[in-house]
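The following exercises invite the reader to work through a structure step by step. Each task is followed by its solution.

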Amino acid sequence: MTTLLDIADVSKLFPAAGGPGTWARIKRRFVGGPTNLPRVHAVDDVSFIIGKGETVGLVGESGCGKSTLVRALTRLIDVSDGTIKLGDRELARKTSRVFARDRDRARIQMVFQDAGESVNPRFTAFHAIADPLRRLRKLRGNALQERVATVARQCGLPVELLSRFPHQLSGGQRARVGIARAIAVEPELLVLDEPTAALDVSVQVVILQLLQRLKREFGMSYLFVSHDLSVVRLLCDRVLVMYLGKIVESGPAAEVFAHPLHPYTQALVAAVPRLHDDSGERLRLTGEPMSPIDPNPQVCRFYGRCPRGMDACTTAMPALQQFGERQVACHFAEEFLPRP
Amino acid sequence: MTAAAALSVEKLCLEFRTRSGIVRALDNVSFSVGKGETLALVGESGSGKSVTAYAVMGILDPAGRVSGGRAMLGGLDLLSASQRELAKVRGRKMAMIFQNPRTALNPIRQVGRQIADVLIRHGDVTRKGAPAAAVEMLRAVGITDPVRRAKTYRFEMSGGMCQRVMIAIALAAKPSLLIADEPTTGLDVTTQAVIMGLISDLAQKLGMATIFITHDLALAGQRAARIVVMHAGHVVETAPTRELFANPRHPYTAELIAATPDSATSLDALASIPGSLPDLRRADLPPCRYSERCPRKVDRCAQPLPAGAPDAVHTIACWNPVPERGMAAPKINAA
């Protein structure tokens with residue numbers, strides 16, 4: 001499989017609230033001084049690859065840095081460190097402001113969480129879909145009309161609905177508008193941020209099936225961000241599990257969910273309610289996650305909530321180890337490996 | 001079951017007057033919860049789950065009007081009770097956990113004080129002893145360092161912790177009925193498991209009846225002994241959890257189960273439910289509000305829905321239910 005997106009050692013740090021005040025920060029900027037201000041490690045040294053035509057799932061709890069990572073790789077925010085390569089092109093060094101007008105902007109597009117919130121309420125469905133075409137493809141007039149109608153048809157959105165405003169559309173139709181505007185400019189990588197979180201199960205299925213069909217038709221790659229593991233399992237080839245800014249486990253989706261190796265993934269998989277499942281007792285995580293403000297680089301981020309939590313976990317941060325197609329960042333991963 | 005029911009809702013009908021007509025939000029909704037039992041109300045958005053809870057709690061929007069039915073809690077009909085009577089019962093005998101813990105908490109009052117307020121009003125706690133009792137409540141819902149946490153505000157806490165505080169507030173006066181309206185929507189699966197476990201542990205300890213409202217059929221199945229499936233303001237099916245999953249009889253329930261990811265191994269195997277909820281303002285609403293989406297529609301569907309026997313274990317509001325699967329199920333009193 002050829003590589004489409006190659007992300008290496010990406011980090012994103014934010015200045016933490018509760019540190020020195022704004023004035024002190026501005027003064028320090030001009031006068032100079034110690035730069036070791038407290039910082040939130042939202043994304044810490046993350047590397048992965050998305051192949052052409054591949055669907056990669058990104059799961060993790062809220063606050064683990066999923067959204068920051070996604071915003072960094074779609075180049076909506078700038079990274080603190082690391083490289084983002086799309087095909088042969090290095091994107092991390094371009095600021096997000098410059099990249100907004102770049103010729104490659106159209107190659108990465110995003111479908112946001114709730115189309116009811118993310119589509120301009122004063123744009124009709126037509127304008128919402130036409131906007132990226134105007135800006136990135138410079139389409140006007142008849143060509144624009146035709147392209148919007150084609151994309152709407154591909155997404156199963158009746159053309160009569162194009163003159164409606166978001167509040168006049170149902171949840172499923174809004175989701176279709178969100179998808180249509182993202183694929184209008186024919187991206188190679190589509191980043192989907194919980195596209196079905198706001199939908200009922202009956203509609204969710206339709207939207208997921210639409211996404212799968214579009215992928216087959218246009219050969220796009222997907223990065224599918226979700227905390228609903230049962231959805232990720234359905235749609236994704238490979239899955240990345242994130243915890244507090246780090247990727248703790250990755251591998252083929254079916255294998256990761258069948259035999260999770262990292263204790264966090266195990267807790268995550270155990271926590272998913274299943275229809276035909278009567279096992280009453282399940283793994284419950286205790287405690288709250290560690291603070292992401294300057295965490296000790298020698299301590300495993302999961303320490304404190306981890307049911308294992310040995311001494312070794314406080315003296316060395318486990319690195320990602322390779323086991324066949326899978327990667328796990330845990331000192332004890334080998335114990336969980338399925339015996340041959 | 002009716003004898004020991006903590007709450008029994010009978011033929012509840014509810015309307016909303018809107019500018020564009022009367023929305024018949026609930027129609028003949030009946031169910032009951034036994035003492036110490038956990039019942040789940042399941043349905044898609046717009047099915048009337050939350051509105052049922054609001055009607056029972058007496059916190060309906062002024063535009064809503066109960067047009068018929070009873071809701072008996074102890075010897076009191078909650079639907080005809082005065083506000084003063086309700087105020088005595090709310091908090092003390094029944095309590096509710098709301099959907100979004102962050103917006104349900106008072107943003108400018110320390111969480112310990114919010115719990116103390118309830119304790120002073122409903123519990124047998126003196127004003128002086130209330131702060132300490134509030135800290136104990138926080139400890140009971142598993143908040144670490146409760147002394148410090150009691151002095152914090154809602155914005156300083158994560159969603160999971162806010163929900164724990166909400167639970168502490170709801171359970172402060174040890175009510176006999178708890179209504180949890182989507183208590184874990186917007187929380188992570190790991191947090192969801194913890195919060196749901198906490199609710200069922202405490203419910204068991206206090207012998208409390210719990211009504212658990214959710215759109216997640218799998219979660220309901222995991223936590224509830226019985227499930228009530230709602231669609232467009234109707235109760236379409238009521239059955240013990242296992243029975244419902246093994247043998248869904250109402251076509252809507254069957255489709256809902258088929259649409260929930262997990263039972264299927266591939267995306268193509270998942271079935272979607274065609275159509276959408278009917279417009280509840282229509283004057284010509286069919287007796288069965290699902291009939292227009294239903295694949296098993298027959299001529300008889302135009303007649304009023306079959307009335308199930310009130311003490312039946314498995315009730316189905318359908319003239320042409322899905323045939324039983326496998327072994328013989330408990331006797332069915334509908335159709």
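The exercises below concern a predicted model, and they pass from one chain as a whole to a sheet, a helix and the contact between chains.

**Exercise 1.** Describe the overall build of chain B, and determine how its radius of gyration stands against the globule rule.

*Solution.* Begin with the secondary structure: chain B holds 11 helices and 11 strands. Next, take the rule, which gives 20 Å for 335 residues; the radius of gyration of chain B is 21 Å, close to that value, so chain B is as compact as a globular protein of that length. The C-alpha atoms of chain B occupy a box of roughly 65 × 50 × 40 Å along the principal axes. Then consider the interior: 47% of the 335 residues of chain B are buried. Finally, of the contacts in chain B between residues at least 6 apart in sequence, 63% link residues at least 24 apart.

**Exercise 2.** Establish the strand order of the 8-stranded open sheet in chain A, and explain why one side of β6 and of β11 has no neighbour in the sheet.

*Solution.* The order is β6-β7-β8-β3-β9-β10-β12-β11, with mixed pairing. In this order β6 (108-111) and β11 (321-323) of chain A stand at the edges with a single partner strand each, so one side of each lacks a neighbour in the sheet. From one strand to the next the twist averages 20 degrees. For one pairing in detail, take β3 (residues 55-59) and β8 (residues 221-225) of chain A, which run parallel and are joined by 4 bridges. There, A:T55 has A:Y222 of β8(A) as its bridge partner. Lastly, helix α7 (residues 171-183) of chain A lies across β6 and β7 (189-193) of chain A, at about 175 degrees to β6(A).

**Exercise 3.** Compare the span of helix α8 of chain A with the expected span, and find what its buried residues pack against.

*Solution.* Helix α8 (residues 201-218) of chain A has 18 residues and reaches 26 Å from first to last C-alpha, close to the expected 26 Å. Its buried residues include A:V201, A:L208, A:L211 and A:L214. The buried residues of α8(A) pack against α6 (141-154), α7 and α9 (229-235) of chain A, together with α11 of chain B. Just after α8(A), A:G219 adopts a positive phi of about 60 degrees.

**Exercise 4.** Characterise the side of chain B that touches chain A.

*Solution.* First, count the residues: the contact takes 31 from chain B and 30 from chain A. Second, locate the elements giving two or more residues to the chain B side: α8 (189-206), α9 (217-223) and α11 (251-259) of chain B. The largest share, 6 residues, comes from α8(B). Third, sort this side by type: 14 residues are nonpolar, 13 polar and 4 charged.

Methods
Residues are numbered from 1 along each chain as its sequence is written. Chains are lettered from A and ligands numbered from 1 in the order in which they are written. This is a predicted model: local features need pLDDT of at least 70, side-chain atom pairs count only at pLDDT 80 or more; totals for chains, interfaces and linings use all residues. Two residues are in contact if their C-beta atoms, placed from the backbone, lie within 7 Å. Ala, Val, Leu, Ile, Met, Phe, Trp, Tyr, Cys and Pro count as nonpolar, Asp, Glu, Lys and Arg as charged, and the others, Gly among them, as polar. The radius of gyration is taken over C-alpha atoms; the globule rule is 2.2 Å times the number of residues to the power 0.38. A residue is buried if 20 or more other C-beta atoms lie within 10 Å of its own, exposed if 12 or fewer, and partly exposed in between; C-beta atoms are placed from the backbone. Two strands pair if DSSP finds at least two bridges between them. Axes are lines fitted to C-alpha atoms, for helices over the stretch in contact, and angles run from 0 to 180 degrees between N-to-C directions. The expected span of a helix is 1.5 Å times one less than its number of residues.
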